[in-house]
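Open the model in your viewer and keep the selection tool at hand. The stops below go one selection at a time.

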Amino acid sequence: MTTKQKILIVDDDENIAELISLYLTKECFDTRIVHDGEEALQAFKEYEPNLILLDLMLPGIDGYQVCREIRQKSSTPIIMLSAKGEVFDKVLGLELGADDYIIKPFDSKEMVARVKAVLRRYQPSRNDTSVSKGKCVEYPGIVINLTNYSVLVDGEHIDMPPKELELLYFLAASPNQVFTREQLLDQIWGYEYIGDTRTVDVHIKRLREKIKDHSTWKLSTVWGIGYKFEVK
C-alpha cells in the first residue's frame, strides 16, 4: 500500500486552512493544520511532512522566521502563502529557502497543481548517496544528479531545495554556455516568473554559499548578460 504524502498547513485563518486541507485530502494527501509559528515548528518535528504550506502573517513567529528556522535543518519543500495586498517580499522568501509562493485568494486547482509540481521535483534519496544513472553530470569533486535530486561535493551530500538543484544541473549540463537571466527563468521557473530576474540572482547567491569554486570549475557571472558553469 502506498503511503500518503504528508502536507503541513500553517495558516491562522481556520476557514482557509480547512479549505486547503479539504482540497488536498481529495487528492489523497494526508494533512495536518496548525495556526501559528510555534505550533508549526513543533508539528514539523513530530509530523515530518513532505511539504509545508506556510502563511506569512502568523501570530507570534511569522512565516519568514518559520521558514528560516526550518531551512537551518531541513530542505523539506516550502510553499509560502500571502494574501493579496499584504506586504510580501518574494525575493526575501526565496532567499530564506521557499520553493514557491501562492497569492490568496487562489484557485484550488492551481494550488493542488503547484503542490504536486514541487513534490515531483523533490524526491531525494536520503539513505542512498550512490550515483544513479540517468540525468547526472559529474566534474572533479562534484556530482549533480537530477534523477534522485542529490548533489555530492567531495563525497559529501549537500542539501538544497529543488529549484537550486535544477538551476545548478541546467547550468552544469551545458558547460561554458552563457544563459541570460530570462532564459534561466523560462527554463527553471516557467512563464509566471518572467520579468522577475532577481529570482535567478537569489538562487545563484545561495548556490555559491553552499558550493565553493573548484580549481577546474565555478559558477561565473557574465556581467550584463547572465551566468554560466565555467569549466577550465
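Start at arginine 206. This is a predicted model. Arginine 206 touches Leu94, Glu95, Gly97, Ala98, Pro161 and Glu164, leaving aside residues up to four places away in sequence. It sits in helix α8, residues 198–210. Is arginine 206 buried or exposed? Its relative accessible area is 6%. That is under the 20% cut-off, so arginine 206 counts as buried.

Next, colour by pLDDT. The chain has a mean of 85, and 89% of its residues reach 70 or more. Now select residues 124–133, where the pLDDT is below 50. Beyond near neighbours in sequence, this stretch has 14 contacts in the model. Where pLDDT is low, the predicted coordinates should not be read in detail.

Move on to the sheet. Select β6, β7, β8 and β9: they form an open sheet in that order, with antiparallel pairing. Which strands are at the edges? They are β6 (136–139) and β9 (156–157), and each pairs on one side only. Strands of a sheet pair through backbone hydrogen bonds, either parallel or antiparallel. Zoom in on β6 and β7 (residues 142–145): four bridges join them in the antiparallel sense. For one bridge, pick tyrosine 139; its partner in β7 is isoleucine 142.

Keep the sheet shown and add helix α6, residues 162–172. This helix lies across β6, β7 and β8 (150–153). The angle between α6 and β7 is about 110°.

Go to helix α7, residues 181–189. Show the side chains of its buried residues: Arg181, Leu184, Leu185, Ile188 and Trp189. They are on the same side of α7 because they cover an arc of only 105° around the axis. An α-helix has 3.6 residues a turn, so residues three or four places apart point the same way. What do the buried residues of α7 pack against? Their neighbours are α6, β10 (179–180), α8 and β12. Step just past the end of α7 to glycine 190, which takes a positive phi of about 90°.

Finish at lysine 232, in the segment after β12 (226–231). Its relative accessibility is 67%. The cut-off for exposed is over 50%, so lysine 232 counts as exposed. Lysine 232 touches Ser215 and Thr216, again not counting residues up to four places away in sequence. Last, set a C-alpha to C-alpha distance from lysine 232 to lysine 218: it reads 8.9 Å, with the two lysines 14 residues apart in sequence.

Definitions and conventions: Residues are numbered from 1 along each chain as its sequence is written. This is a predicted model: local features need pLDDT of at least 70, side-chain atom pairs count only at pLDDT 80 or more; totals for chains, interfaces and linings use all residues. Side-chain values use heavy atoms; hydrogens and water are left out. Helices (H or I, at least four residues) and strands (E, at least two) are DSSP runs, numbered from the N terminus. Buried means under 20% relative accessible area, exposed over 50%, partly exposed in between (1.4 Å probe, protein chains only). Contact means heavy atoms within 4.5 Å. pLDDT is the predictor's confidence in each residue, from 0 to 100. Two strands pair if DSSP finds at least two bridges between them. Axes are lines fitted to C-alpha atoms, for helices over the stretch in contact, and angles run from 0 to 180 degrees between N-to-C directions. The arc is that of the directions from the helix axis to the C-beta atoms.
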